[in-house]
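Student: I'd like to learn how to read the sheet and the cores in a model like this one. Could you walk me through it?

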Amino acid sequence: MTLALAQFGSGTDKGKNLDAIRSFAQQAAKSCASMLFLPEYSMYYAKTNRRSLNMQAAEPLDGTFVSALGRMARRYGLWLAAGMYEQTDGLPYNTVVVLDDTGMLRGCHRKNKLYDAFGYRESDECRAGSTPFSPIPTPAGILGLITCFELRFPALAAAQRAAGAELLYVPAGWAAGPNKILHWRTLLCARAIENSMIVLGADQYAPGCFIGQSAAFAPDGTLLGALGGDDALLTITI
């Protein structure tokens, strides 16, 4: 089975972000992929004034962004998974949605562990979710999901495995900095080995902001495929 991981840097123009996702979906379909995994913040990312802009940009789960993903899923015959800001009555959730190839929303994960670390406070701009993702059956097996900073908490990945996950999807906007590439790749590989499951890391890429370096690891730690620092699509066979 072929799976695809997309790596790109989203911005504040939702239309351009959807155009990028559509291009990746076309490429994934041509590669006969059954699922396309996209990064955290795929819908929208603002570099400044994030608290107010995130609240303005946030959408409900039946809003324009998810509806557009649904149309792409149907058109290209793909399962799609991508990050967005979910609208609430205050700060938005940092949410990842998973849609099947008919465009139906099959699951979502509201990031529980916000990135309050390394001098940053994501909790100033997002609301934390309160429950873990419930793994769902997909063409590639039972899918588990944790988001970005949650990769640093081994128990969260282990809980997905205990709930039946056979592969783990980790959408991210992994911040650039000293040894951050080492951290990202090492932790993806460790979670694969610890839990005997495939781990898929789909990261944002923006120079000086997010590192890219999306990668997939087999249950024994074998690197199945990896990208560097650019906008690209990675296809792997499992």
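Student: Which residue does Val170 stand opposite in β11?

Tutor: Start from the general idea: strands of a sheet pair through backbone hydrogen bonds, either parallel or antiparallel. In this predicted model, the residue facing Val170 is Gly201 of β11. The two strands involved, β10 (residues 167–172) and β11 (residues 198–203), run in the parallel sense and share 6 bridges.

Student: In what order do the strands of the open sheet come?

Tutor: Reading across, you get β8-β9-β10-β11-β14-β15, 6 strands with mixed pairing. At the edges sit β8 (136–138) and β15 (223–226), each with pairing on one side only. From one strand to the next, the twist averages 25°.

Student: Which strands does helix α5 lie across?

Tutor: Helix α5 (residues 180–195) covers β10, β11, β14 (215–217) and β15. Its direction makes an angle of about 155° with β11.

Student: Now the cores. Which residues touch the most other members of the largest nonpolar core?

Tutor: That core has 38 residues, and the best-connected are Leu36, Leu38, Phe65, Leu69, Leu78 and Tyr85. Two or more residues come from each of β1 (2–7), α1 (14–30), α3 (64–76), β3 (79–86) and β4 (93–99). The top contributor is α3, with 7 residues.

Student: What is Tyr85 in contact with, leaving aside its neighbours within four places in sequence?

Tutor: Its partners include Tyr41, Met43, Tyr44, Tyr45, Arg50, Pro92, Tyr93 and Cys126. There's also a second, separate core of 23 residues, with Trp79, Ala81, Ile198 and Ala216 among them.

Methods
Residues numbered from 1 in each chain as written. Predicted model: local features only at pLDDT ≥ 70, side-chain atom pairs only at ≥ 80, totals over all residues. Heavy atoms only, no water. Core = buried A, V, L, I, M, F, W, Y, C linked by side-chain atoms within 4.5 Å. Buried < 20%, exposed > 50% of the residue type's maximum accessible area, 1.4 Å probe, protein only. Helix = DSSP H or I, 4+ residues; strand = E, 2+ residues; numbered from the N terminus. Contact = heavy atoms within 4.5 Å. Pairing = 2+ DSSP bridges. Axes fitted to C-alpha atoms, helices over the stretch in contact; angles between N-to-C directions.
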